[in-house]
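Reader: Hi! I've got a structure to go through and could use some company. Can you walk me through it?

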Amino acid sequence: MEKVEADPQGASFDPPADQPLSDREQAIPLIAAAMATSDMPGLESALSRGLDAGLSVSESREILVQLYAYVGFPRSLNALGTLMNVVEERRQRGIQDAAGREPGRAVPTGEALLAAGKANQTRIAGAPVEGPVMDFAPVINQFLQAHLFGDIFERDNLDWKSRELATVGALAAMPGVEAQLRSHMRASLRVGLSAGQLQHLVALLAESGDQAAARRASDALAQALAPPATP
């Protein structure tokens with residue numbers, strides 16, 4: 001997501017919850033971070049942890065599909081192959097993972113899709129997304145609105161909190177995308193994750209052994225929580 005030149009607090013959805021991340025939610029950023037770094041043994045472990053904690057196969061698959069927009073098709077395809085293998089290996093051991101549900105809402109098309117994507121992007125970002133990059137290459141924002149925030153975020157088989165946990169986990173694992181990580185930390189607060197839950201995410205990254213990712217996430221969270229600078 002492009003860094004937004006707007007009030008960093010933006011508009012919020014519901015008041016953030018105070019409870020820690022659930023076991024299911026804890027697995028999501030770990031899945032995303034392992035996928036982003038092509039850590040396939042780590043990905044297998046995180047996927048199994050998520051399935052054990054109640055992630056359905058559909059939700060796990062959706063995380064890996066969404067993240068192609070942030071880490072690329074090759075990593076997404078490889079990760080989906082890993083999920084297939086994990087589910088099959090568990091089935092052979094007698095573990096029947098919940099299939100979950102497919103998206104139940106029809107995704108709009110054409111101009112309606114672009115309008116829905118723009119509305120989703122603005123709601124998540126807290127303001128219309130603009131800036132020099134968007135002025136230089138307007139088509140990139142059209143792609144973001146129509147595809148990422150339209151085609152993908154209109155799919156209702158994964159809630160927006162889970163989508164942001166995945167995005168933050170992936171971005172934290174990749175050096176050089178700190179601006180986007182800060183933007184998604186703010187987005188996470190807007191969609192209803194609490195500061196405490198995001199601090200929990202930082203701790204999970206540290207416990208997984210990726211201290212650099214944890215530091216990047218911690219710095220981004222601190223900036224997201226800082227009061228806006230006075231003019």
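Author: Happy to! Keep in mind that this is a predicted model. A good place to begin is helix 9, which is mostly covered, with 13 of its 14 residues buried.

Reader: Nice. How far apart are the end C-alpha atoms of helix 9, and what span should we expect?

Author: Helix 9 covers residues 160–173, and at 1.5 Å a residue it should span 20 Å; its end C-alpha atoms are 20 Å apart, so the two agree.

Reader: What's going on at the start of helix 9?

Author: There, a side-chain oxygen of D159 comes to within 3.1 Å of the backbone nitrogen of K161. D159 also belongs to a network of salt bridges, together with R24 and E59.

Reader: Ooh, salt bridges. How many does the structure hold?

Author: The structure holds 11 salt bridges. In one of them, the side chains of E62 and R163 meet, at 3.0 Å from N to O. E62 lies in helix 3 and R163 in helix 9, so this pair ties together parts that are 101 residues apart in sequence.

Reader: Are those two buried or exposed?

Author: E62 is buried because its relative accessible area is 2%, under the 20% cut-off. R163 is buried as well, with a relative accessible area of 0%.

Reader: Which other residue forms a salt bridge with E62?

Author: That would be R155, with the closest N and O atoms 2.8 Å apart. This pair also links distant parts of the chain: R155 sits in the loop between helix 8 and helix 9, E62 is in helix 3, and they are 93 residues apart. R155 counts as partly exposed, because its relative accessibility is 26%.

Reader: Got it. And what does R90 pair with?

Author: R90 forms a salt bridge with D52, and their closest N and O atoms are 2.9 Å apart. R90 is in helix 5 and D52 in helix 2, 38 residues apart. R90 counts as buried at 2% relative accessibility, whereas D52 counts as exposed at 59%.

Reader: Switching topics: which residues form the nonpolar patch on the surface?

Author: V133, V139, I140 and F143 form the patch, with about 340 Å² of accessible area together. Helix 8, residues 138–152, gives the most to it, with 3 residues.

Reader: Where is I140 found, and why does it count as partly exposed?

Author: I140 is found in helix 8. Its relative accessibility is 38%, so I140 counts as partly exposed, between the 20% and 50% cut-offs.

Notes:
Residues are numbered from 1 along each chain as its sequence is written. This is a predicted model: local features need pLDDT of at least 70, side-chain atom pairs count only at pLDDT 80 or more; totals for chains, interfaces and linings use all residues. Side-chain values use heavy atoms; hydrogens and water are left out. Patches are made of residues with over 30% relative accessible area and no salt bridge: like charges are joined within 9 Å, nonpolar side chains (Val, Leu, Ile, Met, Phe, Trp, Tyr) within 5 Å. Accessible areas come from the Shrake-Rupley method with a 1.4 Å probe; for residues, only the protein chains shown count as cover. A salt bridge is a side-chain nitrogen of Lys or Arg within 4 Å of a carboxyl oxygen of Asp or Glu. Helices (H or I, at least four residues) and strands (E, at least two) are DSSP runs, numbered from the N terminus. Buried means under 20% relative accessible area, exposed over 50%, partly exposed in between (1.4 Å probe, protein chains only). The expected span of a helix is 1.5 Å times one less than its number of residues. A polar contact is a pair of N or O atoms within 3.5 Å; within protein, one must be able to donate a hydrogen and the other to accept it, and residues adjacent in sequence count only if both atoms are side-chain atoms.
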